[in-house]
Amino acid sequence: MAKPLSITSSLPTFSTTWRAYFEMTKPKVVALMLLTVLVGMCLAVPHAVPVQPLLVGMLGIAMMAGSAAALNHLIDRRIDGLMARTYNRPLPKGRISATRALIFAASIGSSGFIILYLWVNPLTAWLTFASLIGYALVYTAYLKRATSQNIVIGGLAGAMPPLLGWTAVTNELHGHALLLVIIIFTWTPPHFWALAIHRRTEYAKVDIPMLPVTHGVEFTKTCILLYTVLLAVACLLPVLVGMCGPVYFVCSSLLSTGFIYKAWQLKYRDHDGLAMQVFRFSIYHLMLLFMALLLDHYLWF
Ligand code: HEM
Ligand SMILES: CC(C)=CCC/C(C)=C/CC/C(C)=C/COP(=O)(O)OP(=O)(O)O
């Protein structure tokens with residue numbers, strides 16, 4: 001017997017709509033960014049971080065990063081709808097309209113800016129705003145479609161969070177914070193190009209000039225390997241300037257060795273699945289590296 005037709009089951013509930021908005025903020029990416037913000041805050045002062053910049057700063061930066069991510073969903077809705085990895089996102093699936101997405105991004109972005117400006121400091125508010133523009137407009141709307149170096153240049157916006165954490169607490173720029181930015185900046189290409197190798201046919205289909213599409217898989221694998229070596233050098237800089245001690249040195253050396261080994265395997269051992277292994281490894285690498293910075297800081301002082 002045919003099942004009775006349910007009208008209500010196809011209507012969006014409060015919880016599915018809420019989940020769709022949440023999904024647009026790229027919560028897992030923003031969560032890892034917030035860890036790097038926290039580390040920037042903790043390393044900025046030898047004592048405990050004051051509660052106000054800690055909580056309010058994290059909230060404001062999270063809101064503006066979430067807004068940048070929602071704008072990325074809005075700008076990319078057409079190509080997202082054509083790629084297997086992204087076709088199910090709220091905008092291409094019609095779970096949220098473009099107007100509502102824009103209102104959502106503008107609301108959380110402007111609220112985040114006001115929170116940072118009034119209750120943290122204007123320097124952090126403006127730097128976070130620059131990161132938002134860098135990711136949502138410069139990278140997404142322009143670089144992504146214009147050059148195979150899109151994520152190298154655009155990666156600067158995603159690398160900013162530890163500096164934002166630092167300025168939230170001190171209200172000034174410092175060379176040590178820039179070293180943390182350099183680490184994420186050199187980490188981004190191997191992080192993303194590994195995924196881009198795996199998804200190259202989809203990027204080619206929508207005419208996005210990602211490196212494996214424009215320069216081929218072998219060249220991209222070589223670049224990934226070179227960037228993991230560059231990243232290993234960048235990871236040593238905090239030790240060389242006396243910012244970090246032996247705990248960080250040991251942990252970061254192990255992580256660098258692991259990442260170079262994975263990238264080496266990707267280049268010289270041809271087997272399916274290695275690219276995604278490198279991508280997943282990159283996420284654990286960054287998370288553990290920043291946890292090591294934190295551990296070292298509190299054991300060192
Ligand atoms: C321009 C720079 C970056 C690009 C192009 C990029 C690209 C990507 C892409 C395409 C994914 C999606 C993978 C999927 O849907 O399965 C992803 C996942 C991820 N990225 Fe990045 N990324 C960048 C920077 C960053 C930064 C700075 C962080 C953190 C500090 C980060 C953390 C993550 C995490 C945690 C995931 C996994 C998310 C999940 O499992 O849902 N990424 N990245
Ligand atoms: C204010 C501030 C700190 C801003 C940072 C914003 C932010 C969330 C950056 C994340 C970088 C990222 C996930 C890029 C992927 O975009 P993509 O379009 O290449 O990937 P996609 O196809 O998965 O959307």
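User: Before I look at details, what makes a residue count as buried, and how much of the protein counts as buried?

Analyst: A residue is buried if 20 or more other C-beta atoms lie within 10 Å of its own. In this structure, which is a predicted model, 44% of the 301 residues of the protein count as buried.

User: Which residue could I use to try out that cut-off, and where in the fold is Pro 190 placed?

Analyst: Pro 190 belongs to helix α9, which covers residues 175-198. With 28 other C-beta atoms within 10 Å, Pro 190 is buried, because the cut-off asks for 20 or more.

User: What is Pro 190 in contact with, once its neighbours within four places in sequence are left aside?

Analyst: The contacts of Pro 190 are then Ile 224, Tyr 227, Thr 228, Leu 231, Ala 263, Val 278 and Ser 282. Separation along the chain and separation in space are two distinct readings, and a pair shows how to state both: Pro 190 and Gly 216 lie 26 residues apart in sequence, while their C-alpha atoms are 15 Å apart in space.

User: How should I read contacts for the protein as a whole, and what percentage of them join residues at least 24 apart?

Analyst: Taking the contacts between residues at least 6 apart in sequence, 72% join residues at least 24 apart.

User: How many helices and strands does the secondary structure have, and how compact is the protein?

Analyst: The secondary structure comprises 14 helices and zero strands. The radius of gyration is 20 Å, close to the 19 Å that the globule rule gives for 301 residues, so the protein is as compact as a globular protein of that length. Its C-alpha trace spans about 70 × 50 × 40 Å along the principal axes.

User: How do I read the surroundings of a ligand, and which residues are closest to ligand 1?

Analyst: One can ask which residues surround the ligand, which elements supply them, and how they divide by class. Ligand 1 is surrounded by 18 residues, the closest being Lys 28, Val 29, Leu 32, Gly 158 and Phe 192. At least two residues of this shell come from each of α2, α7, α9 and α14 (274-300), and by class the shell has 10 nonpolar, six polar and two charged residues.

User: What does the same reading give for ligand 2, and how many residues surround ligand 2?

Analyst: Around ligand 2 there are 20 residues, with Ala 65, Ala 68, Ser 131, Tyr 135 and Gly 158 the closest. Helices α2 (27-44), α3 (51-75), α6 (122-146) and α7 (150-159) each contribute at least two residues to this shell, which divides into 12 nonpolar, six polar and two charged residues.

Conventions: Residues numbered from 1 in each chain as written. Chains lettered and ligands numbered in written order. Predicted model: local features only at pLDDT ≥ 70, side-chain atom pairs only at ≥ 80, totals over all residues. Near = placed C-beta within 6 Å. Helix = DSSP H or I, 4+ residues; strand = E, 2+ residues; numbered from the N terminus. Nonpolar A, V, L, I, M, F, W, Y, C, P; charged D, E, K, R; others polar. Rg over C-alpha atoms; globule rule 2.2 N^0.38 Å. Buried ≥ 20, exposed ≤ 12 C-beta atoms within 10 Å, placed from the backbone. Contact = placed C-beta atoms within 7 Å.
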